[in-house]
Amino acid sequence: MDRFEYIEARLFDGENYLKRDKNVKIYDGDDKTQFIDGEVLLTTHRLLWGKPGDIPKGLVCLSLHLYYVFCLEEESGGVFGLGGPKRIIMHLGPALPGKRPGPAVVSPFHYVKLSFKDGVDTAFYKALSDAVAAKAWERQTPIDTPRTATSPTTASRPTVTAVNSKIRSGIVGIERSIEEQHRATDQSISVAFQDLTKLMEKAKEMVSLSKNISTKIREKQGDISEDDTVRFKSYLMSLGIDDPVTRDAFRSDSEYYLGLAQQVSDMMVAVLLECGGIMSLADVWCRVNRARGLELVSPEDLLNACKLLRTVDAPMSLRKFPSGACVLQLNSNRDEEIAKSTSDMIQENGYLTPEKLSQIANVSVLLARERLFTTERLGLACRDESIEGLAFYPNRFLLEA
Amino acid sequence: MRRRAGVGAIQKHRLEQEKYKEKGTEIQENQFQQMSKQLEVFRENLEDFASKHKSEIKKNAQFRRQFQEMCAAIGVDPLASGKGFWSVLGIGDFYYELGVQIVEVCLATNYKNGGLITLEELRSRLIASRGRAKKHQDITNEDLLAAVKKLRIFGNGFTVVPISKGKWLVQSVPGELNMDQTLVLQKASGLGTAWVSVSVLTSDLGWTEIRAENALNHMVREGLAWVDSQEPKETLYWFPSMFAECVSA
């Protein structure tokens, strides 16, 4: 109620009449007031209330600036909500300083109600909510207050953005402070991205902000994007390396390749362990470059580095399949170890075909067959070639001799 | 506030609770929208900076790392060089960047396509993930083919196969690492029939026809499957290694 002011019922410049209604009572929050059976008049800027006939005559009436209103609700009158809405609840922002005197100096409530004897006219409600949403008062220069003897000029009308009341309470307060927080964030993002130097200065803040936003969004919708590729990209980049080896830092190419080999080995161990110990070199190249960020290495450099993996004692090595495909594989996949584990599997199963091994070891059929060949070559298996295909048995010549 | 009692009060209380709940979801929804907006702003700005200030970003090691972290969090690709004059001569990072992105698209999708993708699909996915800027739209099939060419040095693990005029199929998984044949065998033994067909694979495994044909033809070449063209509807592929099991079952 303390947001209302007394003023003569006259339109300001730029203010337009919208709608009127009769038999309206005002409640201060939940409490009844003396203002009953009046007439309301809605303009683009204000809501006026006066005794019947007062408003058309231009007499002093109650006026509520719509910029106080931030939220509207309808309330049903009947016990079981029958008969349609009877009241409009208007949630109001804090009173501005420099306001004209009104019917109340303070009020414990942050909302007022308009009670309509004949029910809320939907057209009126719509007009009111449209006017609140349209914010006509923000679009133009402050309205000149009509100067009359009875109403001394007040300070120029403060704008909504000037509101910086420390009192925040209730849902309104929470909403306002969230809104303010968002505004501050928007502001700091736009400042940081003005130019590169600004961004460098604020990098730390922006990194944590970006992570914060992405975590929030992930919480809500599962992931930052529905695009498989974007998700995968963001995953690969998150496994970044701090200081990618660059050619400039080395005196010769061979030293550079050694350094690169070491770095590749360090970062690929975990990845290889995860994906079954073997990976095509194209995939390796993609992952390495994603981890390096902007410092790309060429396929040639990577290949040269991989050739030196043995030199740096890496737990993996480069390997070329008979088909010509290059892969990086963990040393635990080297021939001797493969033959040993494969022959164990053959003994367990009695015999193995490439197809069967591929299912047991979860490798491709080609690789399974190759493993069996390797085992055979090292004398740990004997082949049986028949119309049903190729099968390998334990080498009994060796085992039972 | 006066004390209320009775049905009216209960009704009122219930209504109030509902209103609070509504308000709560409204506030949350609002906040989420704000966040999404900020994410967009971040994305635009990062994309913009990545293409404009690449060399400056590269120079500063600490910032480079931070920039990468931001890109990772927001899902922006920092590799956004345009096709400049020099890239025509094979100098500059353009084709390497494209190469990285090509392999990435293949890796990201191979759980559902088994490492086979048409160049068209690859291109549209790549462009979509590269960013919103207009210049990314200009990447042509020829650019992609040129970028793939640079991967030839890795042997034929990553190849582009022409399928018809102006159409290519990109194969990103070398035969040795291709699990499709294993899946085919699993399917056949699961059915207990010792045979499968293209239609079985497309309907049961959700494969494309081209993927199914590719896998089966490969198995025929390797001597793992026998072709049976007597079935009027479609060709059947039999697996001799499963004959014994089927007979005894």
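This passage describes salt bridges and helix packing in a predicted model.

Chain A contains 14 helices and 14 strands. Of its 401 residues, 50% count as buried. Among contacts in chain A between residues at least 6 apart in sequence, 57% join residues at least 24 apart.

Over all chains, the count of salt bridges comes to 33. In chain A, one of them joins the side chains of Lys340(A) and Asp344(A), with an N to O distance of 3.4 Å. Both residues belong to helix H11 of chain A, which spans residues 335–349, and they are 4 residues apart, about one turn of the helix. Lys340(A) has a relative accessibility of 48% and counts as partly exposed, because the partly exposed class extends up to 50%. Asp344(A), with a relative accessible area of 35%, is also partly exposed.

Helix H11 of chain A also takes part in a helix-helix contact. The axes of H11(A) and helix H13 of chain A (residues 365–377) come within 8 Å and cross at roughly 95°. This angle falls between 65 and 115 degrees, so H11(A) and H13(A) are roughly perpendicular to each other. On the side of H11(A), the contact is made by Asp335(A), Ile338(A), Ala339(A), Thr342(A), Ser343(A) and Ile346(A). H13(A) contributes Arg371(A), Leu372(A), Thr374(A), Thr375(A) and Arg377(A). By class, the residues of this contact divide into 4 nonpolar, 4 polar and 3 charged.

In chain B, a salt bridge is formed between Glu40(B) and Arg43(B), whose closest N and O atoms are 2.8 Å apart. The two residues are 3 residues apart in helix H1 of chain B (residues 7–52), and therefore about one helical turn separates them. Their accessibilities fall into separate classes: Glu40(B) is partly exposed at 27% relative accessibility, whereas Arg43(B) is buried, with a relative accessible area of 11%. The boundary for buried residues is 20%, so Arg43(B) lies under it.

A second salt bridge in chain B pairs Lys54(B) with Asp93(B), the closest N and O atoms being 3.1 Å apart. This pair links distant parts of the chain, as the two residues are 39 residues apart. Lys54(B) lies in helix H2 of chain B (residues 54–59), while Asp93(B) lies in the loop between helix H3 (61–74) and helix H4 (94–113) of chain B. Lys54(B) is buried, with a relative accessible area of 14%, and Asp93(B) counts as partly exposed at 21%. In addition, Lys233(A), Arg290(A), Asp77(B) and Glu104(B) are joined into one network by salt bridges that share partners.

Helix H1 of chain B, which holds the Glu40(B) and Arg43(B) pair, packs against H3(B) at an angle of about 135°, with the axes 10 Å apart. The angle lies outside the ranges for roughly parallel, roughly perpendicular and roughly antiparallel pairs, and H1(B) and H3(B) are therefore oblique to each other. The crossing of H1(B) past H3(B) is left-handed. From H1(B), the contact involves Leu39(B), Phe42(B), Arg43(B), Leu46(B), Phe49(B) and Ala50(B). From H3(B), Phe67(B), Met70(B), Cys71(B) and Ile74(B) take part. This contact has 9 nonpolar, no polar and 1 charged residues. The charged residue is Arg43(B), the partner of Glu40(B) in the salt bridge described above.

Technical notes: Residues are numbered from 1 along each chain as its sequence is written. Chains are lettered from A and ligands numbered from 1 in the order in which they are written. This is a predicted model: local features need pLDDT of at least 70, side-chain atom pairs count only at pLDDT 80 or more; totals for chains, interfaces and linings use all residues. Side-chain values use heavy atoms; hydrogens and water are left out. A salt bridge is a side-chain nitrogen of Lys or Arg within 4 Å of a carboxyl oxygen of Asp or Glu. Buried means under 20% relative accessible area, exposed over 50%, partly exposed in between (1.4 Å probe, protein chains only). Axes are lines fitted to C-alpha atoms, for helices over the stretch in contact, and angles run from 0 to 180 degrees between N-to-C directions. Angles under 35 degrees count as roughly parallel, over 145 as roughly antiparallel, 65 to 115 as roughly perpendicular and the rest as oblique. A crossing is left-handed if the near helix is turned anticlockwise from the far one by less than a right angle, and right-handed if clockwise. Contact means heavy atoms within 4.5 Å.
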